[in-house]
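Here is a friendly walk through one protein model, meant to be read with the structure open beside you. Rotate it as you go and look for each side chain when its name comes up.

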Amino acid sequence: MKYQSQKVAYYYFLAAIALFGIQVLGGLLAGWIYVSPNFLSELLPFNIIRMIHTNALIVWLLLGFFGAAYFLIPEESEREIYSVKLAYVQLIILLVGTLGAVGSYLVGIHGGREFLEQPLWVKFGILVAALIFLFNVSMTVLSGKKTAITNVLLMGLWLLSLLWVFAFINPDNLSLDKMYWWFVVHLWVEATWELVMAAILAFLLLKLTGVDREVVEKWLYVIVATALFSGILGTGHHFYWIGLPGYWQWIGSIFSTFEVIPFFLMMSFAFVMVWKGRKNHPNKAALLWSLGASTVAFFGAGVWGFLHTLHGVNFYSHGTQITAAHGHLAFYGAYVALNLAMFTYAMPMLRGRMPYNQVLNMASFWLMTGGMAFMTFVLTFAGTIQTHMQRVVGDYYMDVQDSLSVFYLMRFGAGAAVVIGALLFIYAMLVVRKDEVIAPGAASSVPGE
């Protein structure tokens, strides 16, 4: 670790890992309610558990992004973070807002808009934290060295934060409401977050493979161009059935088809960089997570997204378990695995320790990835049956749900594997054996130092 201010990232990563544990446990609980619908129905209704599950996902991924920015920007800019105190203030605001939101949900106070259920004061807190962050990292980059990685990362983070303003717009007209809602949800995960993903992935591959920076930057700019070109008008695949003009069915179908391209490029980029790489980096687990993130993102966000993005197919499939299959694999590959790759790379340096037991870390990768893949296949089959029975034959919704019970049981088993993998990852990351600690003043062999 070259810069003292990078230690700020450690506390962001710790908070993110804690919320990650809560998020997967909440998902497992929600999965069991699909099997046994009356479980905790009075004490903790399904809609509240689902809010905690999805909101914890969003917040811990953002904490991971912010921590990654505070870790990589000093190295890229070749200077310390502009204000370490502001970084800690930002973290405190985000954690207080998170606890406030969860507390509100548990007593039934929420906004009712999926993913944007936070009370108004929490939304303002998130906006203030985002503005603090943008000021802090922008001042750091502007006064230091500029690189393609910091340029793309800042572009993604600025757009991400500005789009949050649409979370405050809640018109009475339901069509407009859903349109502005998708401005946040879609343009986050299928546009701006892709820029953040590409920048972090580029940084990791630069460090892990030793490929020339010029090669990495050329790939990065191509990925960014295709992500924005396809992602912005690709929002149209959410406008099919919410009351907006019919031309969105064609715009959405055409540009959504192109959304596969940036994820294919990211996967190709990762493997080509490893193939070209000259460095035999000791942190094999970080490399595994980096390659896994780009590969699973291509299948989850790219292939499974394409399966039901054309309006002729989406007319029948939207809102079924096919959507859930796509959502789980896409989020896991594109953003969860990427954050875990960054934690795996950075935490040994931030904790001043030798590379941890990488066998456990890599075992957690295969457990989580295998569990998520099986869950995706199960939900895809369930969604296909649901589409036929409910949308084609016209059977009643609850009758269809009863017929899918065996798939929900298998989904719960897959979720249990993911949770075991997540807990194994947390154990491998945070539990240190005494012989792994680097003595003060001793020569460090931590990768990246």
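How many aromatic pairs does a search of the whole structure find? The search gives 43 aromatic pairs. Please keep in mind that this is a predicted model, and that every value below is computed from it.

**Aromatic rings and charges**

One aromatic cluster is a good place to begin: Phe65, Trp164, Trp188, Trp193, Phe331 and Tyr335 form it together. When you look at such groups, it helps to know that a pair of aromatic rings is described by the distance of the centres and the angle of the planes.

Rings also have charged side chains over them in this model. Lys178 lies over the face of Trp181, 4.0 Å from the ring centre. Arg411 is placed over the face of Tyr34, with 4.4 Å to the ring centre.

**Salt bridges**

The model has five salt bridges. Three of them are set out here, with the closest N to O distance for each.

| Basic residue | Acidic residue | N to O distance |
|---|---|---|
| Arg50 | Glu114 | 2.7 Å |
| Lys207 | Glu75 | 2.8 Å |
| Arg113 | Asp177 | 2.8 Å |

Take the bridge between Arg50 and Glu114 first. Arg50 sits in helix H2 (residues 46-77) and Glu114 in the loop between helix H3 (84-106) and helix H4 (120-142), so this pair ties together parts that are 64 residues apart in sequence. Are these two side chains buried or partly exposed? Arg50 counts as partly exposed because its relative accessibility is 33%. Glu114 is partly exposed too, with a relative accessible area of 28%.

Next comes the bridge between Glu75 and Lys207. This pair links distant parts of the chain, with Glu75 in helix H2 and Lys207 in helix H6 (residues 174-209), 132 residues apart. Glu75 is buried, since its relative accessible area is 8% and the cut-off for buried is under 20%. Lys207 has a relative accessible area of 18%, so this residue is buried as well.

The bridge between Arg113 and Asp177 follows. Here the distant parts being linked are the loop between H3 and H4, which holds Arg113, and helix H6, which holds Asp177; the two residues are 64 apart in the chain. Both Arg113 and Asp177 are buried.

**Two buried residues and their contacts**

Trp60 lies in helix H2. Why does Trp60 count as buried? The reason is its relative accessibility, which is 0%. Which residues does Trp60 touch, not counting those up to four places away in sequence? They are Ala16, Leu19, Phe20, Gln23, Val336, Asn339, Leu340 and Phe343. Ala16 deserves a second look: its C-alpha atom is separated from that of Trp60 by 4.4 Å, while the two residues are 44 residues apart along the chain.

His308 is found in the loop between helix H10 (284-307) and helix H11 (311-317). With a relative accessible area of 8%, His308 is buried. Beyond its neighbours within four places in sequence, His308 is in contact with Val313, Asn314, Ser317, Ile322, Thr323 and His326.

**Backbone points in the loops**

Most residues other than glycine have a negative phi. With that in mind, have a look at Glu78, which has a positive phi of about 60° although it is not a glycine. Glu78 belongs to the loop between H2 and H3.

Phe115 is another non-glycine residue with a positive phi, here about 75°. Its place is in the loop between H3 and H4. Phe115 counts as buried because its relative accessibility is 19%, and buried means under 20%.

**A nonpolar patch on the surface**

Finally, turn to the surface. Which residues make the nonpolar surface patch of about 520 Å²? Phe229, Trp250, Ile254, Phe258 and Ile261 make this patch. Helix H8 (residues 247-258) gives the most to the nonpolar patch, with three residues. Phe258 lies in this helix, H8. Why can Phe258 belong to a surface patch? Phe258 is partly exposed with a relative accessible area of 32%, and patch residues need over 30%, so Phe258 passes that cut-off.

How values were computed
Residues numbered from 1 in each chain as written. Predicted model: local features only at pLDDT ≥ 70, side-chain atom pairs only at ≥ 80, totals over all residues. Heavy atoms only, no water. Patch = residues over 30% accessible without salt bridge, like charges linked within 9 Å, V, L, I, M, F, W, Y side chains within 5 Å. Areas by Shrake-Rupley, 256 points an atom, 1.4 Å probe, with all protein chains shown as cover. Salt bridge = Lys/Arg side-chain N within 4 Å of Asp/Glu carboxyl O. Helix = DSSP H or I, 4+ residues; strand = E, 2+ residues; numbered from the N terminus. Buried < 20%, exposed > 50% of the residue type's maximum accessible area, 1.4 Å probe, protein only. Phe/Tyr/Trp six-rings, centres within 6.5 Å; stacked < 30°, edge-to-face > 60°. Lys NZ or Arg CZ within 6 Å of the ring centre and 35° of its normal. Contact = heavy atoms within 4.5 Å.
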